[in-house]
Amino acid sequence: MKNNWTTLLLLLTPAACNPDPSPEPDGKGEDPVPPTVVSENSQIADGTKICVFGDSGTAGDEQMLVASYLKEEGCDQVRVVGDIIYEDGLEGPDDQQFMDKFYDPYKEMLEGDVPFYIALGNHDYNGDTKAWLELANRHTSIIFPAFYYAEVWDDICFVTFDTNTWWGFFPQKDWIEESWPEISEGCSLSLAFGHHPYLSVGDHGDADSDDKDFLKEHVIGRFDAYFSGHDHDLSDEGEVDGTRLIVSGAAGKLRPLAAKPRDFAISALGYVTLTVKREGGAPSIDYEFIVIDSENGRQVVHQGQIK
């Protein structure tokens, strides 16, 4: 699997998404360029494992501990849900922080052709966000074709959103509404990724204002699951209108929980794995919450299914 990852990518690089988060005078940013469509139909095989983590980029002992277990996890692909570089993002594509806080911790996977699909977080927006476009050009295992993008793998759809700038939602709204019929046609399972959660019992709490409105209108009830980070814990927030909400923001640092768990939550280092199942033909996802600590190693602490 690791050497045969072809996708259908529906790409959009909006001119509004730039390192300077100042809105245009009309509050809507610039019009996005038309999407580029690259078509390669490839079905994700039974047993494929997708690893999801966020809030990792500290270069500290916690990140290195989690990374050491990730490289043994057997991930066929990785989804990074933001805050890749603390505290202030990258100064540019040649910033040493890229090596220290991203490339070196995951070097064995990146050089072993495991694709890392990137969503940016609010800390990444403190720096040069366009650096990630250049880094994706330099490194074939880094998948960041645009600030938000979609993939269709035969009967499974993935959409990665940028949840960081309120004015950036305007072109995204137009894009997802215009593109969704093409993206979703033939998809039995649809998964969305972004940095900010819709619901969270972590320190930041539930989405507010523009994040909440955007996610409620364009993600909730449309996708089978939405994966996010931002809060530094692991949580299964249950389902809202058929959309499973999972937070995986514990790959580098932790904060205590701020509220009683809905389905499940824990303030512990780790990540979430998604395993594709094809029993009976239609795809489903078995998900597991993996906690990592130096004394007990790897532990599965919660699991469920998305279908």
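This passage walks through the disulfides, the aromatic contacts and the main sheet of the structure. The model is a predicted one, and the picture below is built up from its cysteines outward.

Let's start with the sulfur links. A search of the whole structure turns up 2 disulfides. Counting the bonded cysteines along the chain, they follow the pattern 1-2, 3-4. A disulfide is a covalent bond between the sulfur atoms of two cysteines.

One of these links joins C51 to C75, with the sulfur atoms 2.1 Å apart. C51 sits in strand β3 (residues 49-53), while C75 is found in the loop between α1 (61-70) and β4 (77-81), so the bond ties together parts that are 24 residues apart in sequence. The torsion about the S-S bond of C51 and C75 comes out at about -90°, which makes this disulfide left-handed. As for how covered the two ends are, C51 has a relative accessible area of 0% and is buried. C75 is buried too, at 2% relative accessibility.

The other link runs between C157 and C187, with an S to S distance of 1.7 Å. Here C157 belongs to strand β8 (residues 156-160), and C187 to the loop between α5 (169-184) and β9 (189-193), so that distant parts of the chain, 30 residues apart, are linked. The angle about the S-S bond of C157 and C187 is 100°, and the link is right-handed. Both C157 and C187 are buried.

Next come the aromatic rings, and there are plenty to look at: the count comes to 19 aromatic pairs. One of them is formed by Y106 and F116, whose ring centres are 5.8 Å apart with 40° between the planes, a tilted arrangement. Y106 is in the loop between α2 (96-103) and α3 (107-110), whereas F116 is in strand β5 (residues 116-119), and the pair links these distant parts of the chain across 10 residues of sequence. Y106 and F116 are both buried. For W166 and F170, the ring centres are 6.2 Å apart and the planes stand at 75°, so this pair is edge-to-face. W166 is partly exposed, with a relative accessible area of 40%, and F170 is also partly exposed, at 29%.

Y106 and F116 turn up again in a wider group. Together with F53, F98, F102, Y103 and W132, they form one aromatic cluster. Elsewhere, rings meet charges. The charged end of R79 sits over the ring of Y117, 3.8 Å from its centre. In a similar setting, the charged end of K253 is placed over the ring of Y86, 3.9 Å from the ring centre.

That leaves the sheet. It is open, has 7 strands with mixed pairing, and reads β6-β5-β4-β3-β14-β15-β16 in order. At its edges are β6 (142-143) and β16 (297-306), each of which pairs on one side only. Strand β3, home of the cysteine C51, runs antiparallel to β14 (residues 270-277), and 4 bridges join the two. V52 stands opposite V272 of β14.

Moving along the sheet, β14 and β15 are also antiparallel, this time over 8 bridges. Y271 has I290 in β15 as its bridge partner. The hairpin of β14 and β15 has 6 residues between the strands, and there G280 takes a positive phi near 80°. Strand β15 is mostly covered, with 7 of its 10 residues buried.

On its other side, β15 is joined to β16 by 9 bridges, and these strands again run antiparallel. Y287 stands opposite G304 in β16, and the hairpin from β15 to β16 passes through 3 residues. Helix α1 lies across part of this sheet, over β3, β14, β15 (284-293) and β16, and runs at about 20° to β14.

Put together, the pieces meet around β3. This strand holds C51 of the left-handed disulfide, pairs with β14 in the sheet, and is among the strands that α1 lies across.

Methods: Residues are numbered from 1 along each chain as its sequence is written. This is a predicted model: local features need pLDDT of at least 70, side-chain atom pairs count only at pLDDT 80 or more; totals for chains, interfaces and linings use all residues. Side-chain values use heavy atoms; hydrogens and water are left out. A disulfide is a pair of cysteine sulfur atoms within 2.5 Å. Buried means under 20% relative accessible area, exposed over 50%, partly exposed in between (1.4 Å probe, protein chains only). Rings of Phe, Tyr and Trp (its six-membered ring) pair if their centres lie within 6.5 Å; planes under 30 degrees apart count as stacked, over 60 as edge-to-face and the rest as tilted. A charge sits over a ring if NZ of Lys or CZ of Arg is within 6 Å of the ring centre and within 35 degrees of the ring normal. Two strands pair if DSSP finds at least two bridges between them. Contact means heavy atoms within 4.5 Å. Axes are lines fitted to C-alpha atoms, for helices over the stretch in contact, and angles run from 0 to 180 degrees between N-to-C directions.
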